[in-house]
Amino acid sequence: MLPSPVTNSTDWRTPPEARPDLNFVVRDLQRTFLRVADNLRWYEQTWLGVPIWQLPEDLVALQRIVFDADPKWIVETGTKFGGSAIFFASLLAMMGRTPGQGGGVITVDIHETAEARELLQDQPHRFAPLVRQRLVGDAKAPWMLAAMRATIAADPGPVLVFLDDWHDGDHVYAELQVYSKLVTPGGILIVADTTFEDLADTPVVVPSEKYPDAKRSNPRVALKRFLAERNDFAVVPDYTSKGISNFPDSVLRKAG
Ligand SMILES: C[S@@+](CC[C@H](N)C(=O)[O-])C[C@H]1O[C@@H](n2cnc3c(N)ncnc32)[C@H](O)[C@@H]1O
């Protein structure tokens with residue numbers, strides 16, 4: 001006899017809201033896994049042959065978010081080796097987008113790595129044509145925002161933003177002020193690495209010049225401050241809160 005068809009239904013499970021004790025276990029596991037993940041460099045993955053700094057679980061979550069949001073433009077801060085730019089470009093390509101249709105990925109980083117230059121420019125990866133703009137400089141510099149706005153204005157459409165550069169609290173808060181304006185009504189804004197706060201009291205994140213006090217100054221603190229001041233953005237819990245994630249509480253949707 002053939003087995004019953006497998007479905008994606010969760011109807012048979014206890015609703016999470018009815019079992020807060022289970023939510024606690026998931027949260028606890030999440031914290032433990034992240035510490036292990038950082039120690040073992042679990043986040044150092046590759047996507048289509050390109051180095052990318054995201055947990056495998058987050059790549060699946062990002063795929064769900066991009067598919068549902070169906071953005072014309074994906075703006076990301078933190079190009080690093082170019083992996084997340086190629087990841088987002090490949091999702092758009094799988095969703096049927098071609099470079100000739102307009103839209104695509106805009107990526108910025110304060111440093112240009114040799115890997116990113118090779119991948120996105122000198123020997124372009126097969127999905128590099130969907131990375132439409134690559135900028136080098138401080139992600140919150142006014143000229144940077146102006147350049148992005150000009151690109152988007154020439155070919156307008158839904159915008160999704162992924163903030164994944166310097167995880168300093170004041171920096172992320174300043175970015176939220178400006179990048180939230182790029183997000184179109186109903187669009188998505190993601191702040192990566194809110195779990196940085198959870199790692200701050202572990203040997204994984206020790207005080208440094210770049211991060212003197214990660215417990216007090218981090219993406220989650222910035223996000224809470226931003227959300228306390230705004231009623232046009234709200235957290236969408238569905239995408240990441242049930243699993244292991246480096247941004248379990250920071251997928252936002254703009255009203256509209
Ligand atoms: C966590 S890595 C990005 C990982 C990449 N998104 C990925 O998934 O592979 C952070 C990047 O942010 C960049 N960065 C740091 N400060 C920045 C700033 N003020 N503006 C823009 N980029 C910055 C760093 O140079 C680094 O490449």
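## Close-up views of the predicted model

**View 1. The shell of residues around the ligand.** In this predicted model, the shell around the ligand is made up, by class, of seven nonpolar, six polar and five charged residues. The ligand is surrounded by 18 residues, of which G78, S84, A139, D165 and W166 are the closest. Three elements, β2 (residues 50-53), α3 (residues 83-94) and β4 (residues 104-109), each contribute at least two residues to this shell.

**View 2. The order of strands in the open sheet.** Seven strands form an open sheet of mixed pairing, and their order is β5-β4-β3-β6-β7-β9-β8. The edges are taken by β5 and β8 (residues 233-235), each of which has a single partner strand, so one side of each is left without a neighbour in the sheet. On average, and with direction ignored, neighbouring strands of this sheet are turned by 20 degrees against each other. At the β5 edge, β4 and β5 run parallel and are joined by five bridges, and V108 has L135 in β5 as its bridge partner.

**View 3. Strand β6 and its parallel partners.** All of β6 (residues 159-163) is shown here, a strand that is mostly covered, with five of its five residues buried. In a regular strand the side chains alternate between the two faces of the sheet. In β6 both faces are covered, since V159, V161 and L163 on one side and L160 and F162 on the other are all buried. Five bridges join β6 to β3, and the two strands run parallel; within this pair, W73 stands opposite V159 of β6. The pairing of β6 with β7 is also in the parallel sense and extends over three bridges, with V161 opposite L189 of β7. Helix α6 (residues 169-182) lies across β3, β6, β7 and β8, and runs at about 170 degrees to β6.

**View 4. The antiparallel pairs that involve β9.** Strand β9 (residues 251-254) pairs with β7 in the antiparallel sense over three bridges, and it pairs with β8, again in the antiparallel sense, over three bridges. Residue L252 of β9 appears in both pairs: L189 stands opposite L252 in the first, and V235 stands opposite L252 in the second.

**View 5. The buried and exposed sides of helix α4.** In helix α4 (residues 114-122), the buried residues are A116, L119 and L120. Seen down the axis of α4, these buried residues fall within an arc of 80 degrees, so they line one face of the helix. An α-helix has 3.6 residues a turn, so residues three or four places apart point the same way. On the other side of α4, A114 and D122 are exposed. The cover over the buried residues of α4 includes β2, α3 and β5 (residues 131-136).

**View 6. The surroundings of L119.** Residue L119 is found in helix α4 and is buried, because 24 other C-beta atoms lie within 10 Å, where the cut-off for a buried residue is 20 or more. When its neighbours within four places in sequence are left aside, L119 is in contact with V50, G82, I86, H125 and A128. The C-alpha atoms of L119 and G83 are separated by 8.9 Å, although these residues are 36 places apart along the chain.

Conventions. Residues are numbered from 1 along each chain as its sequence is written. This is a predicted model: local features need pLDDT of at least 70, side-chain atom pairs count only at pLDDT 80 or more; totals for chains, interfaces and linings use all residues. A residue is near a molecule or strand if its C-beta atom, placed from the backbone, lies within 6 Å of it. Helices (H or I, at least four residues) and strands (E, at least two) are DSSP runs, numbered from the N terminus. Ala, Val, Leu, Ile, Met, Phe, Trp, Tyr, Cys and Pro count as nonpolar, Asp, Glu, Lys and Arg as charged, and the others, Gly among them, as polar. A residue is buried if 20 or more other C-beta atoms lie within 10 Å of its own, exposed if 12 or fewer, and partly exposed in between; C-beta atoms are placed from the backbone. The arc is that of the directions from the helix axis to the C-beta atoms. Two residues are in contact if their C-beta atoms, placed from the backbone, lie within 7 Å. Two strands pair if DSSP finds at least two bridges between them. Axes are lines fitted to C-alpha atoms, for helices over the stretch in contact, and angles run from 0 to 180 degrees between N-to-C directions.
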